[in-house]
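Q: Could you take me through one part of this model closely, strand by strand? I'd like to understand how the pieces there fit together.

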Amino acid sequence: MTQTVSFKDKLRHAFTVFKWELRNCTGSLIVFAILAGVATTIILTLALTVGIADAMNDDGSMDFETVQNAVRIFQMIASYAVFYINAVFTIIYTIKIYSYLHDKRKADMYGALPISRRTFFVAKTISAYLLSIVPTYFFLGIIAVISVAFGQPLVTEVTALYLNLLLGAIACISFYALLAVCCGTTPNTVLSFIAVNLAYPIAALFIKGTIKAFFIGLPASRYNESFIMKALNPLAAYIGGNVVYWILFTAACLALGIWLVKKRKAECAQTSFAYYLPVYIVKLLVAFIIGMFLGVLFASLNVFGMPFLAFIFGFSLGSMPAYVIAHLIFYKEIRSIPQTLIAFGGMCVVVVALMGVCHFDVTGYSRYVPKTEEIASAGFIDLENCYQAGSESVYTLADMAANDFEKPEQVDKITAYHRSVIEVYNQKDSNRYANIWGNMLLSNFPLDWSNDGTIVSYQLKSGRKIMRYYDPHFTLFSTYSNSAAESLEPTELLDSETYFANYSAFMQSPSGNVTDMTLLIKNKNGRPLRIAENVLVGDAQAAADRETLLNAIRADVSARPETERAASSGTVTIAYTRQKPHSDNSLFNAVFSTIFYYDDTTDSCEVYPNDKRFKEALVQIGIFNSDGTYNENNRYTK
Amino acid sequence: MLEIKGLTKRFDKVVAVDHLNLQIDRGAVMGLVGSNGSGKSTLLRMLAGVFRGEEGEIFLDGMPLFDNPAAKGKCFFIPDFPFFYNNSTIENTAVLYRELYPNWSDAAYQRYCTVFPIDPKDRIINMSKGMQRQAALILALSTCPQYLFLDEIFDGLDPVVRHLLKRILIEHVAEHHLTVIIASHNLRELEDLCDRICLMHRGKVLMERDLDSLRMDYRKVQVAFREIPNVPNLFAGIPVVSVWRNGNVFNVTIRGDESSFMPALEALQPAYISAMPLTLEEIFISEMGAAGYDTNSIL
């Protein structure tokens, strides 16, 4: 006979536990509140002092926009300061809250309470979430109110922080909770948490670097923001992105923790029954990283004159000691190592086999160029001349480009270029292990200069898509780019109307990103006439007029046949802000993007006499009169 | 009633409790005694729900005890070193217990706060060991438990408080049929309080008996001879537990009452003979010696 506890009672018990935790963490919360409050006040004081000094004009008036900018900087720096202070305190609360699983005396007290283990664990976890999130939201809210009071709404980076904080906190706390249930002591739990969080991204980078080095042309940057690169690194949830993955990750950790906590034999065992789970993960990850490090090092130095053999030697030399040392750190003894060697051996076999597949190019990926007769359409993108570069992944761009060109002569130019690139690789790239370092260390570098290289893609008649991305920074492609073979680049495709329509800033930039527009149109005598300039976004009327013009020109370009090239009747130039290249929300990027505007980038479009919509738009916004003559008194001519 | 069936608990290769079976009736006061590492504290922790056994089960009034809040609400466990946070006072710790224990009594809380010489607003962490135990006792008794598990509760308590505690426990047993299980090495105190004794060694129960009958079952007999009889086995036929000789004087521990062994002893024509009941400590040493755990086998 088992008496059950009603859901209402469980809730009441959980709430009691929360109140208890709140009381026990009061000291830490007060310290957090003091630090966050003082930091916010200091930053506001400095920002306003500097901002108001800058805003004062000679005539004693104040430029309120400058003050708003200062508040904007306050908003971001203060929000990030609170965010990082929170991260430190989340660690303190979390370790404290789950120490009941490891501390013998606490276990005696909490284990004997009339509350089920699962309810208690869930209550503790929710307490950890709330203690981490609510006080921080409170301070972020205060910062938001101050900003809005100065007329500065929340900037995107700060609004993203709210979600990032929530995801980061729940993911990290749930992962720690799971490790706490598995491990027997708090130091082991902390060590496992740090080791997994550090080791997983490094291991993922090694895998990505290796794939990029051997599968030449693979658009692997597709995975830069992927959960695969962050899967066991919940600290990355604080950076943002992969919302669904982090929610699922949290749910999985929580579910596993709840399931295991009842099965836990003792609340204070030195080595808990599920300890082997995290320890296996850490040991294998560490052995993999050290093994790959030595293996790739030896192979790239061409030890023995046989890189693959050198890799196997280096991998074995690095991974085995790393595995043994990691085992000793976690178990404090060596007797149980033989039982765990099967997993280690399995990992070694898999790594060596996969590296063999890479080394001998068993799949033929790096050599493959489809035959012309198999190709339905093809595409080519020079990322330096592509508006979407940096904002869209190369994979997405390659996917888009596959249908760009269908004519056989265009397709031939692309395959010829593709073959010439592969030839250069085959001739010069004798030891691809050396490329792993560059690929793994620099491929995630969040700077704009990484957004170049070329994309080649094909839509085959069979329905398959072939996509390749040749990156100039991390491979011998840079050598190729600078060589005479560069002339093989299909430049006429880059000059085509199709390419302009699909990849130019003029055609693709969202109208809200266009900050200025200049119209240079020939008059009846054929002399260029600067008829409008500085059509600024800040002016609502100007923004609407600019959009009208832009839409008209875009419609004309889309309707313009590829072959029709009459004499140009003028040029329209736009200045535009590039979309932010990367979606992470680091403080560096946030402040950098606030201080510097990327509005000096321009793009132009020729206009032709037959561009009917453009002419109508000029009349509509008042630059031309309704009879088609130039309106000298239009609001944009200076 | 508390029933323990085939309970086993291992820590790696160490078997702390080994297929233990025990039945404790309501209103009993049981002393758990045994050698160091015999499994007393582990058993108490399993009764409290801190540990989960690998095998077997514990039933409390017919309900499985492990992870059962309804059953655990009837119990309270005071470990050998009770845990309190740095800022814990009796008053603020009572808030947690008041909400979690269904039988919490504010009247009892007020009463025990006055009975024990301790200020409920003081930080427990700053108190002496004995006062910390008193704090734990105030909280425990305020939950009005039906089952009370105490581990080395007499450690650090002064004689007056020990006496007070024993009085309170006896009062609760008499009035509310409180069941108490006390693990302790302080056999003298157990002797005053317990009506049953469970002797544990290496995770097993060596003996579980009513204390009065246990004491009646053993006699410490001093036998002195002018000349020691020249027989191969002096005490043959007598259920001797242990013998200690000093010249012509023998101190013999004998199982059974006097009527069963006196005729045989008198037949040896001793110069002097006297028999008296054993203390619990003497019974413990005798039984542990019989189990191979005595000073001779240790030293």
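A: **A four-stranded sheet in chain B**

Let's start with one pair of strands: β12(B) is joined by six bridges to β13 of chain B, residues 249-255, and the two run antiparallel. You can pick out one of the pairings by eye: find Trp244(B), and its bridge partner in β13(B) is Asn251(B).

Now widen the view a little. This pair belongs to an open sheet of four strands in chain B, ordered β12-β13-β11-β14, with antiparallel pairing. At the edges stand β12 (240-246) and β14 (272-277) of chain B; each has a single partner strand, so one side of each is left without a neighbour in the sheet. On average, neighbouring strands of this sheet are turned by 15 degrees against each other, direction ignored.

A helix joins the picture here. α10 of chain B, residues 280-290, packs on the sheet and touches β11 (218-224), β12 and β13 of chain B. The direction of α10(B) makes about 105 degrees with that of β12(B).

How far can you trust this? Do keep in mind that the model is predicted. For chain B, the mean pLDDT is 89, and 98% of its residues reach 70 or more. The model as a whole scores ipTM 0.86 and pTM 0.79.

Finally, a word on the partner chain. Chain B is in contact with chain A through 27 of its own residues and 26 of chain A. On the chain A side, α4(A) gives the most, with six residues. By class, that side of chain A has eleven nonpolar, seven polar and eight charged residues.

Technical notes:
Residues are numbered from 1 along each chain as its sequence is written. Chains are lettered from A and ligands numbered from 1 in the order in which they are written. This is a predicted model: local features need pLDDT of at least 70, side-chain atom pairs count only at pLDDT 80 or more; totals for chains, interfaces and linings use all residues. pLDDT is the predictor's confidence in each residue, from 0 to 100. Two residues are in contact if their C-beta atoms, placed from the backbone, lie within 7 Å. Ala, Val, Leu, Ile, Met, Phe, Trp, Tyr, Cys and Pro count as nonpolar, Asp, Glu, Lys and Arg as charged, and the others, Gly among them, as polar. Two strands pair if DSSP finds at least two bridges between them. Axes are lines fitted to C-alpha atoms, for helices over the stretch in contact, and angles run from 0 to 180 degrees between N-to-C directions.
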